[in-house]
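Here's a quick walk through one protein chain, from the overall fold down to a handful of residues. Have a look at the sequence and the model before reading on.

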Amino acid sequence: DGKKGGFRACCFVFALGALENIGFVANMVSMVIYFHYLLKFDIPTSSNTLTNFLGSVCLLSLLGGFISDTYLNRLYTILIFGSLEVIGLSMVTIQAYSKDLRPDITCEKSCIKGGIALMFYGSLSILAIGTGGVKGALPALGADQFDSKDPKGAKQLGSYFNWYMLSTTFGAMIGVTFVVWVSINKDWYWGFFMGTMAAIVGFIAIALGKPFYHYPPLRSSPLLRIAQIIVVAFKNRRLTLPENPDELFEINDIDKYQYDEKLPHTNQFRLLDKAAIVPLETFPQPWKVCTVTQVEEVKVLTRMLPILASTIIMNTCLAQLQTFSVLQGAFMDQHILGKKFPPASIPIFPLVFMTFLIPIYEFVVVPFARKITGHPSGITQLQRVGVGLILSIISMGVAGIIEVKRRDQSIKDPFNPISLFWLSFQYGIFGLAGMFTIVGLMEFFYKEAPSGMKSLATSFAWLSLSFGYFLSSAFVDIMNAVTKKIAPSKKGWIEGDNLDESNLNLFYWFLAVLSTLNFVVYLLCASWYKYKEDTAESETESRNDQ
């Protein structure tokens, strides 16, 4: 239908992406200060509470992706989880406003308890469920508006993810500047209230686009299909695979694959092929045999897992950079160009860079690379992710150098600290890394995912972030425990409330070394991975040879 789909429908997706991201990013960069100063958490607890919350948001994106693939279309999933997000934001706003729901100003330790704790953890839980569900369905709703099998649609799909990233960047810029400034300089509840209202307007906008959306048909539960393959393959484990893959069970019905994607056989994970061994029955039951396409769908997801795992370390670095850079800024000169600049607003620098670099990448880099490679996106999605991983390594190294400069100056002359602007270098490089990695992962998982699993697979990009956030919390605790034992001072690298007495630079450099090792693993995983188009071409060539 020419009246549906395309970039016209995506405009509503971009609107929600920008408006919903205003409050989310503002909370992401400033809540660590809110936890530390108003809720009386110490620095490690503030950091871990924030990273656990963000990790939960990203993990729960799988729930939104699963539901929008199986039970509800993307729009209804977004609106239902969006309602929960608004409720969660409203509860956070109320707690920040009411003095009765905050710890007493004289409290120094274990201040969150009783009704205050119930309100605090309840609001964060509801907010995590709502935000995660929205982020699990929203990117796929926009991507559904293009036909990736059409050459023009394939180019537009690659461009869509760039523009989606740009729309969220605009929202993030407003969040880390205006909303953060209001939170810190006026009152926290005003910042939370602004994020709540922006989200409400965004959900109204996405609902208004209903007549323009194209909805792919829902399919059976992807978890049920995966379980079916595993059970049948286990039952057939003693059977011998036929030498010719054409003897495996398949349904060659054009009507069946009008909306579903028929996948060719591949030689990876041959053990799963036993689920497609043709039984002796004339009319086999579904739990006794699976089609080659069903088996290949599970193989595709299995091939994605090493790629997912090899990007977790980068996201761990991102989580640490977000939290500790804000805390670093509290010990720096916060005046830039004669005006006071909140430390939580320092991400504005990479966001400004990205605002200019994303259009340059789309209109200059991609067309130039497309002429050389012939790829619709200029370079493959995994190559794009690899560039981001290299930039993240550089960012961690730079962060350690800047922390040494900040700490030395603070110890030498505490009344004349270095400028907050120095943090823009590590944030700027990491912002570029995110531009390459996050967008590359989203496009990769969406394009490579089987039909009926698009939202769930796209959520894998958020799942990688989730593991990174959770792992970052463990990193801080483990690193403090280990360094307490081996350090001559018997103090952890990141301990207490004074960064000048910590060794945050060593922690950054440790992450840089770990990221380098992780990049080597990623190269092995990426070189091993076979794109669906490549497997289809190789299957055709092998049949022609026969």
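What follows starts with the whole chain and then turns to single residues.

## The chain as a whole

First off, this is a predicted model. The protein chain is built with 16 helices and two strands. Its radius of gyration comes out at 25 Å, and the globule rule gives 24 Å for 546 residues, so the chain is as compact as a globular protein of that length. If you want box dimensions, the C-alpha atoms fill roughly 80 × 55 × 50 Å along the principal axes.

How much of the chain is buried? Of the 546 residues, 57% count as buried. As for contacts with a separation of 6 or more, 82% of them link residues 24 or more positions apart.

## Surface and charge

The protein chain exposes about 23800 Å², and 66% of that comes from carbon and sulfur atoms. On the charge side, there are 45 positive and 42 negative charges, and the mean positions of the two sets sit 3 Å apart.

## Helix 1 and helix 6

Phe14 belongs to helix 1, which covers residues 6–38. With a relative accessibility of 16%, Phe14 falls under the 20% cut-off and therefore counts as buried. Setting aside residues up to four places away in sequence, Phe14 touches Phe7, Tyr160, Trp163, Tyr164 and Ser167. For a sense of scale, Asn498 is 484 residues from Phe14 in sequence, and their C-alpha atoms are 41 Å apart.

Over in helix 6 (residues 151–185) you'll find Gly171. Is Gly171 buried or exposed? At 1% relative accessibility, Gly171 is buried. Its contacts, leaving out neighbours within four places in sequence, are Ala18, Asn21 and Ile22. Gly5 is 166 residues away from Gly171 in sequence and 24 Å away in space, C-alpha to C-alpha.

## Helix 4

Leu84 is part of helix 4, residues 74–97. Here the relative accessible area is 30%, so Leu84 lands in the partly exposed class. Apart from residues up to four places away in sequence, Leu84 touches Ile126, Ile129 and Gly130. Thr131 is 47 residues from Leu84 along the sequence, with 7.8 Å between the two C-alpha atoms.

## Helix 13

Ser424 is found in helix 13, which takes in residues 423–448. The relative accessible area of Ser424 is just 5%, which makes this residue buried. Not counting residues up to four places away in sequence, Ser424 touches Ile346 and Phe349. Leu39 is 385 residues from Ser424 along the chain, and their C-alpha atoms are separated by 28 Å.

## Cysteines

How many disulfides are there? The count is zero, with a pair of cysteine sulfur atoms needing to be within 2.5 Å to qualify. Take Cys11: the nearest cysteine sulfur belongs to Cys10 and is 7.5 Å away, and Cys11 is in no disulfide.

Cys11 is partly exposed, at a relative accessible area of 47%. Cys525, on the other hand, has a relative accessibility of 15% and counts as buried.

Definitions and conventions. Residues are numbered from 1 along each chain as its sequence is written. This is a predicted model: local features need pLDDT of at least 70, side-chain atom pairs count only at pLDDT 80 or more; totals for chains, interfaces and linings use all residues. Side-chain values use heavy atoms; hydrogens and water are left out. Helices (H or I, at least four residues) and strands (E, at least two) are DSSP runs, numbered from the N terminus. The radius of gyration is taken over C-alpha atoms; the globule rule is 2.2 Å times the number of residues to the power 0.38. Buried means under 20% relative accessible area, exposed over 50%, partly exposed in between (1.4 Å probe, protein chains only). Contact means heavy atoms within 4.5 Å. Accessible areas come from the Shrake-Rupley method with a 1.4 Å probe; for residues, only the protein chains shown count as cover. Lys and Arg count as positive and Asp and Glu as negative; His and the chain ends are not counted. The place of a charge is taken as NZ of Lys, CZ of Arg, CG of Asp or CD of Glu.
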